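Biologist: Hey, got a minute to walk me through this one? I'm new to it.
Modeller: Sure, let me pull it up.

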Protein chains: 2
Amino acid sequence: MTIKIGILGYGNLGRGVECAILHNPDMELCGVFTRRDPESISLLTPGVEVHPVEEAISMKDAVDVLILCGGSAHDLPEQTPQFARYFNVVDSFDTHAKIQEHFEKVDASAKEGNKTAIISVGWDPGMFSLNRLYAGAILPGGHDYTFWGKGVSQGHSDAIRKIEGVKDARQYTIPVKESLEAVRSGKNPELTTRQKHTRECYVVLKEGADQEKIREEIVTMPNYFADYDTEVHFISEEELLRDHKGIPHGGSVIRTGTTGWKDENGHVVEYSLKLDSNPEFTASVLIAYARAAYRLNKEGVSGCKTVFDIAPSYLSILDGEQLRRQLL
Amino acid sequence: MTIKIGILGYGNLGRGVECAILHNPDMELCGVFTRRDPESISLLTPGVEVHPVEEAISMKDAVDVLILCGGSAHDLPEQTPQFARYFNVVDSFDTHAKIQEHFEKVDASAKEGNKTAIISVGWDPGMFSLNRLYAGAILPGGHDYTFWGKGVSQGHSDAIRKIEGVKDARQYTIPVKESLEAVRSGKNPELTTRQKHTRECYVVLKEGADQEKIREEIVTMPNYFADYDTEVHFISEEELLRDHKGIPHGGSVIRTGTTGWKDENGHVVEYSLKLDSNPEFTASVLIAYARAAYRLNKEGVSGCKTVFDIAPSYLSILDGEQLRRQLL
């Protein structure tokens, strides 16, 4: 008996989920739902159909877990509460400031339908959050640091693309090495935004665009670049497609803290990721939590959960005794 | 209402637990139990009494969680099943090959008493195991690597101390830098024991001992040193006490794996610890899981658990909404 997975939204993340299913022998893709014309989409998995999103609810009994692969800005705030009434769902809602509000809506909806929803799954929020919790529980009174990158920020790349005269762009977030080392050494530095990350931009101009004007517009852009040291490189479209087509990311969560009667001993806990593909790794986390959603619902658990609420064993294909024998 | 903690066994680990309680405002030390003469022990915490271990069971209603701080070789295999019938307990049983057997005995006993037991808590087994599980669930088909150190191995130090002519010794386990880098780069090297770690020994001789004979005896010792490149340094007792009095440890759990339809993208997940005091960090993990044992038992959960079975939120002093708002 495999776990039947539905995917809602077939962009980079949806395709990542499709690939992740291939790596998990207890899972099976049973359908993809889209707002686009289903005819325009061709899946990697043979024999699986693409359906218009309007048909999803009528197929609810065929799907064990529906993975919502839309965006956090516009799609998930609507979709997760909507579908959590009919399906066990997992999403990657990542607007940190709105997670609690999202949680409450999804919780009410999932409870109405006796379904299990797990929100904000991925690596940040997700695995990074988990590591903040674990390290914080072990070292109370310590200091938390999160560094992102080197990796492509989709939001910052989009912000550059919206500038007049820009044809395409890719933005990398890069942690400042000296700051990272200072944190790892246990020095507990206080770091400004500028001291933590730099931003590197690769920009393709439209014909006749004013290079210096665009550079200025990027480096002074409030919220996105003004508070950072930003490097701008103008390159050809060919170079962009050749050298910057991947979507790598990663980063580190570090907690430093002390123990002992007089805080005489210091400790550094670090969790770090180096990812060739941000959406595929995120999708792999989603799939592991889909297994948990399925199992929890079978046990009669309903409502909204986050990574904090899920015992790790629910993520693994191994049973309790196998886990104790092989991994403990 | 604080959680009342009892400590059984007042060595380095027990003292570490006592210090960890100080860092957790929801906890209180309510008693220490010992097999030694209680008069011979003076606690750091004012106003707390030391009792002979025989009195423990008569005090069961005063203790919310009993933390068992004995050794895995002789103490815990007896003590944890014995006390899990009367107390919620947490132990750091670390003989990997015997965990399942220990689990079964403790489970039967805890269920009889409607108590919650959590075994094999610490960093390895413990936090390292958790990271093996999480990364394994996300990247099925990948490769796991565990490196230990730089840190003091108590077992290896003891093995040297048993050699005739040795007065005292300290052994450091050190990961081989090149191997660690090869793993981090995603090369998936196959590594022999010798390629993963080296061993560095600081030895104080008794008067008249034969230095070369002892060096030979160390480096050829089966299981402990024969399979490693081992450096032996002979130093004075004064130097040993001055330069090697700490009990640092640490290490890294690394998983590498691929995603994508054709495994075209590689990922590296690393969890690493750098600890000034191995027993105090282990004790800090024990205390976080004591909070979980207390809460689970209040919810009516009984039997034996491991870190795999405990939802992370049970470890934190924060409630669900605080966790979502502050850490997710």
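Biologist: How many residue pairs are in polar contact across the interface of chain B and chain A?
Modeller: There are 27 such pairs, with both residues at pLDDT 80 or more. Keep in mind that this is a predicted model.

Biologist: And how many salt bridges between chain B and chain A?
Modeller: The count there is 0.

Biologist: OK, which parts of chain B touch chain A?
Modeller: Several helices and strands each supply at least two residues to that side, including helix 1 (12-22), helix 10 (278-298) and strand 12 (249-259). The largest share comes from strand 13 of chain B, with 11 residues.

Biologist: What kinds of residues make up that side of chain B?
Modeller: They divide into 33 nonpolar, 21 polar and 15 charged.

Biologist: Back to strand 13 for a sec. In which sense do strand 13 of chain A and strand 13 of chain B pair, parallel or antiparallel?
Modeller: Antiparallel, over 9 bridges. As one example, L273(A) has V269(B) as its bridge partner.

Biologist: Switching to area: how much is buried between chain B and chain A?
Modeller: About 6200 Å², and carbon and sulfur atoms give 63% of that.

Biologist: Which three residues supply more of chain B's buried area than any other three?
Modeller: W261(B), R324(B) and L328(B), which supply 15% of the area that chain B buries against chain A.

Biologist: Last one: how many residues does the contact take from each chain?
Modeller: It takes 69 residues from chain B and 69 residues from chain A.

Methods:
Residues are numbered from 1 along each chain as its sequence is written. Chains are lettered from A and ligands numbered from 1 in the order in which they are written. This is a predicted model: local features need pLDDT of at least 70, side-chain atom pairs count only at pLDDT 80 or more; totals for chains, interfaces and linings use all residues. Side-chain values use heavy atoms; hydrogens and water are left out. Contact means heavy atoms within 4.5 Å. Buried area is the accessible area (1.4 Å probe) that two parts lose on being put together, summed over both. A salt bridge is a side-chain nitrogen of Lys or Arg within 4 Å of a carboxyl oxygen of Asp or Glu. A polar contact is a pair of N or O atoms within 3.5 Å; within protein, one must be able to donate a hydrogen and the other to accept it, and residues adjacent in sequence count only if both atoms are side-chain atoms. Helices (H or I, at least four residues) and strands (E, at least two) are DSSP runs, numbered from the N terminus. Ala, Val, Leu, Ile, Met, Phe, Trp, Tyr, Cys and Pro count as nonpolar, Asp, Glu, Lys and Arg as charged, and the others, Gly among them, as polar. Two strands pair if DSSP finds at least two bridges between them.
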